[in-house]
Amino acid sequence: EFVVLLSESEGEQSLAVAEDLRRLIEAASLVPEAAVTVSVGVCDVAFAQSTEHWLELSDAALYLAKDKGRNRVEAASVDIRPAPAIPATVPHWR
């Protein structure tokens, strides 16, 4: 998973950038004889109460895109519910 921060974009602009990236990846010949696609979750920082909340909403939008069939862009909204946190697998002392 990757995070792309678009400091000069919001709302519809961010969705357009995400859709352009999705199309470019789909059209690229990245792996011989195989299709490569990407699912994208977009969240405007205006929806978030904190950085952690923003990442949770972005992640929830990503999984919504995957659940709806993959190779698509989904936007987070205030109605989207973040997935439960996954416990860390790396010890804290590392």
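User: Which residue forms a salt bridge with Asp20, and how far apart are the closest N and O atoms?

Analyst: Happy to start there! Side chains of opposite charge can pair when their charged atoms come close. In this predicted model, Asp20 pairs with Arg23, and their closest N and O atoms are 3.8 Å apart. That falls within the 4 Å cut-off for a salt bridge.

User: Where do Asp20 and Arg23 lie?

Analyst: Both sit in helix α1, 3 residues apart, which is about one turn of the helix.

User: Is Asp20 buried or exposed?

Analyst: In between. Asp20 counts as partly exposed because its relative accessibility is 41%, and the limits are under 20% for buried and over 50% for exposed. Arg23 is also partly exposed, with a relative accessible area of 46%.

User: How many salt bridges does the structure hold?

Analyst: The structure holds 6. One of them joins the side chains of Arg22 and Glu19, at 2.6 Å from N to O. Arg22 and Glu19 also lie in helix α1, 3 residues apart, and both are buried.

User: What about the salt bridge of Glu74?

Analyst: The side chain of Glu74 meets that of Lys68, at 3.7 Å from N to O. Glu74 counts as buried, with 10% relative accessibility, whereas Lys68 is partly exposed at 47%.

User: Which residues are joined into one network by salt bridges that share partners?

Analyst: Glu19, Asp20, Arg22, Arg23 and Glu26 are joined in this way. You have already met the Asp20 pair with Arg23 and the Arg22 pair with Glu19.

User: Let's turn to the surface. Which residues make the nonpolar patch?

Analyst: Val4, Leu6, Leu21 and Leu24 make a nonpolar surface patch of about 360 Å². A patch residue needs over 30% relative accessible area. Leu6 passes that cut-off because its relative accessible area is 32%, and it is partly exposed. Along the chain, Leu6 belongs to the segment before α1, the helix that spans 12–27.

User: Now the backbone. Which residue has a phi near 60 degrees?

Analyst: That is Glu33, where phi is positive although the residue is not glycine. Glu33 is in the loop between α1 and β1, a strand at 40–42. With a relative accessible area of 88%, Glu33 is exposed.

User: And what is the phi of Asn71?

Analyst: Asn71 has a positive phi of about 50 degrees, and Asn71 is not a glycine either. You can find Asn71 in the loop between α2 (51–67) and β2 (73–75).

How values were computed. Residues numbered from 1 in each chain as written. Predicted model: local features only at pLDDT ≥ 70, side-chain atom pairs only at ≥ 80, totals over all residues. Heavy atoms only, no water. Patch = residues over 30% accessible without salt bridge, like charges linked within 9 Å, V, L, I, M, F, W, Y side chains within 5 Å. Areas by Shrake-Rupley, 256 points an atom, 1.4 Å probe, with all protein chains shown as cover. Helix = DSSP H or I, 4+ residues; strand = E, 2+ residues; numbered from the N terminus. Buried < 20%, exposed > 50% of the residue type's maximum accessible area, 1.4 Å probe, protein only.
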